[in-house]
Amino acid sequence: MIHAVYPGSFDPLHNGHVDLIRRASCIFDRLTVAVLHNPLKDSALFTVSERLDILSSVTQGLPNVKCDKFEGLLAAYMSTLGARIIVKGLRAISDFEVELQMAHLNRQLNPQVETAFIMTATRWSYLSSSRVRELASLGADVSALVPEASLAALQRKFAQ
Ligand code: PNS
């Protein structure tokens with residue numbers, strides 16, 4: 001039984017993330033999508049609980065996918081779950097450089113853990129949560145870029 005973890009900020013969840021969750025859920029027996037709770041980072045648009053609500057509604061049709069939050073080291077969180085695979089999406093070489101470093105460090109911290117990279121779908125390879133936040137904050141229509149739950153949450157946030 002292979003239990004994988006897809007960690008991230010998901011602030012907010014976009015279509016590239018959703019595609020990756022679907023594809024990873026077909027490869028691994030169990031997939032935990034884990035939202036990083038970083039109490040020191042106050043620049044997030046959505047609270048961890050808002051991000052988990054979005055994730056839960058988007059993944060409710062995927063029986064082997066669970067959503068969770070974690071704090072601190074990912075390598076330690078992997079041990080608490082007994083999970084051995086970290087799933088990461090790669091959009092471009094620039095992602096690879098950062099991710100390669102993190103994969104080596106995570107394996108040094110927890111030698112049981114391997115990182116598996118999945119190439120982001122071509123159609124979402126330009127997408128990032130920071131661009132989605134920027135576009136939505138400036139009033140652009142991001143309905144083609146994010147799932148319905150993220151869109152509704154963005155509309156609520158920027159209507160305030
Ligand atoms: O969606 P993001 O912001 O690119 O995700 C980054 C994330 C959460 C995967 C990464 O920052 C992380 O693993 N943070 C947990 C703290 C940690 O373990 N840091 C050392 C990594 S080598």
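By class, the shell around the ligand comprises 7 nonpolar, 4 polar and 1 charged residues. I should say at once that this is a predicted model. The residues in question are Pro7, Gly8, Ser9, Leu36, Phe70, Gly72, Leu73, Leu74, Lys88, Met102, Leu105 and Asn106.

Let me turn to polar contacts. An N or O atom in the side chain of Ser9 lies 2.5 Å from an oxygen atom of the ligand. At Leu74, a polar backbone atom is 2.9 Å from a ligand oxygen. The ligand taken alone exposes 550 Å², and the protein buries 69% of that area.

Where does the ligand sit? It occupies the largest pocket. Two elements, β1 (3-8) and α4 (93-109), give two or more residues each to the shell around the ligand, and the largest share, 3 residues, comes from α4.

The pocket itself has a volume of about 920 Å³. Its lining numbers 37 residues, with Pro7, Gly8, Ser9, Lys88 and Glu99 lying nearest the centre. At least two lining residues come from each of β1, α1 (15-27), α3 (74-81), β4 (85-90), α4 and α5 (129-137). Here too α4 gives the most, with 8 residues. By class, this lining has 16 nonpolar, 14 polar and 7 charged residues.

Finally, the second largest pocket holds about 190 Å³ of space. Its lining includes Ser9 and Leu36, both of which also belong to the residues around the ligand. Among the other lining residues are His37, Asn38, Lys41, Asp42 and Arg51. The class count for this second lining is 5 nonpolar, 4 polar and 3 charged residues.

Terms used:
Residues are numbered from 1 along each chain as its sequence is written. This is a predicted model: local features need pLDDT of at least 70, side-chain atom pairs count only at pLDDT 80 or more; totals for chains, interfaces and linings use all residues. Side-chain values use heavy atoms; hydrogens and water are left out. A residue is near a molecule or strand if one of its heavy atoms lies within 4 Å of it. A polar contact is a pair of N or O atoms within 3.5 Å; within protein, one must be able to donate a hydrogen and the other to accept it, and residues adjacent in sequence count only if both atoms are side-chain atoms. Accessible areas come from the Shrake-Rupley method with a 1.4 Å probe; for residues, only the protein chains shown count as cover. On a 1 Å grid over the protein atoms alone, a cavity is a set of points where a 1.4 Å probe fits but cannot get out, and a pocket is an open set with protein on both sides within 12 Å along at least five of seven lines; lining residues have an atom within 4 Å of a point. A molecule sits in a cavity or pocket if more than half of its atoms lie within 2 Å of its grid points. Helices (H or I, at least four residues) and strands (E, at least two) are DSSP runs, numbered from the N terminus. Ala, Val, Leu, Ile, Met, Phe, Trp, Tyr, Cys and Pro count as nonpolar, Asp, Glu, Lys and Arg as charged, and the others, Gly among them, as polar. Grid points are joined across faces, edges and corners, and a volume is the space filled by probe spheres set on the points.
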